[in-house]
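Let's take a walk through this one together. Have the viewer open and follow along as we go from one spot to the next.

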Amino acid sequence: KMDMAIVKSAIDDLEASSYKTAAYALDFGLVCCSGVSQDEARTKNNGQNVESSFDTLFVEWNDAYSLGSYGLSSEHYTDMLIARWEEVALHVRRASTKDQT
């Protein structure tokens, strides 16, 4: 089972950093038993549920402008794309203005 405390911590860290963007996705994964295969974990646990043997790992950050909808409602997906596009456009405008001075 995904450790939501780790997920929340990653979100909080990103939101507090200078790398934060208006819209993004974070990918997480479950890794079994710190390098032990799922079958090996079952053997060690006498065939029992190995759910507690999985570690939650942060995999990657993805900028919203390059995401697919992945089942999001069209309204949420559009809002996400617009928020990120407006942020990118603002940075471009600022850079253009700075170059002209």
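**A walk through the fold**

Start with a side chain that reaches for backbone: a polar atom of the T56 side chain lies 2.7 Å from the backbone nitrogen of D3. Keep in mind as you look that this is a predicted model. T56 sits in strand β2, which covers residues 54-63. Buried or exposed, then, for T56? T56 counts as buried, because its relative accessibility is 8% and the cut-off for buried is under 20%. Setting aside neighbours within four places in sequence, T56 is in contact with K1, M2, D3, I6, V7, F28, G29 and L30.

Next door in strand β2 is L57. L57 is partly exposed, with a relative accessible area of 39%. Residues up to four places away in sequence aside, L57 touches D27, F28, G29 and V31. If you want a long-range pair to check, take L57 and A10: 47 residues apart in sequence, they are 10.0 Å apart in space, C-alpha to C-alpha.

Now zoom out. The chain has 3 helices and 2 strands, and reading along the sequence gives the pattern α-β-α-β-α. Of its 101 residues, 23% are buried. Among contacts with a separation of 6 or more, 57% are between residues 24 or more positions apart. The accessible surface comes to about 7500 Å², and carbon and sulfur atoms own 53% of that.

What about the inside? In soluble globular proteins, nonpolar side chains tend to be buried together. Here the largest nonpolar core has 6 residues: V7, A10, L14, Y24, L26 and F28. Helix α1 (4-15) and strand β1 (24-32) each supply at least two residues of this core. There is also a second, separate core of 5 residues, including A23, A64, Y77 and M80. Back in the largest core, pick out L14. Beyond its neighbours within four places in sequence, L14 is in contact with Y19, K20, Y24, L26 and W61.

On to the charges. How many salt bridges are there? The count comes to 4. One of them pairs K8 with D12, with the closest N and O atoms 2.8 Å apart. K8 and D12 both lie in helix α1, 4 residues apart, or about one turn of the helix. D12 counts as partly exposed, at 39% relative accessibility. Another joins the side chains of E15 and K20, at 3.5 Å from N to O. Both ends of that bridge are partly exposed, E15 with a relative accessible area of 36% and K20 with 40%.

In helix α3, look at E87 and R84, whose side chains meet in a salt bridge at 2.6 Å, N to O. Why are these two about one helical turn apart? Because they are 3 residues apart in helix α3. Their burial falls on either side of the 20% cut-off: E87 is partly exposed at 21%, whereas R84 is buried at 10%. Salt bridges that share partners join D63, R84 and E87 into one network.

Last stop: the loop between β2 and α3 (74-100), where you'll find Y70. Y70 has a positive phi of about 45 degrees, although it is not a glycine. Y70 is also exposed, with a relative accessible area of 74%.

Technical notes
Residues are numbered from 1 along each chain as its sequence is written. This is a predicted model: local features need pLDDT of at least 70, side-chain atom pairs count only at pLDDT 80 or more; totals for chains, interfaces and linings use all residues. Side-chain values use heavy atoms; hydrogens and water are left out. Buried means under 20% relative accessible area, exposed over 50%, partly exposed in between (1.4 Å probe, protein chains only). A polar contact is a pair of N or O atoms within 3.5 Å; within protein, one must be able to donate a hydrogen and the other to accept it, and residues adjacent in sequence count only if both atoms are side-chain atoms. Contact means heavy atoms within 4.5 Å. A nonpolar core is a set of buried Ala, Val, Leu, Ile, Met, Phe, Trp, Tyr and Cys residues joined through side-chain atoms within 4.5 Å. Accessible areas come from the Shrake-Rupley method with a 1.4 Å probe; for residues, only the protein chains shown count as cover.
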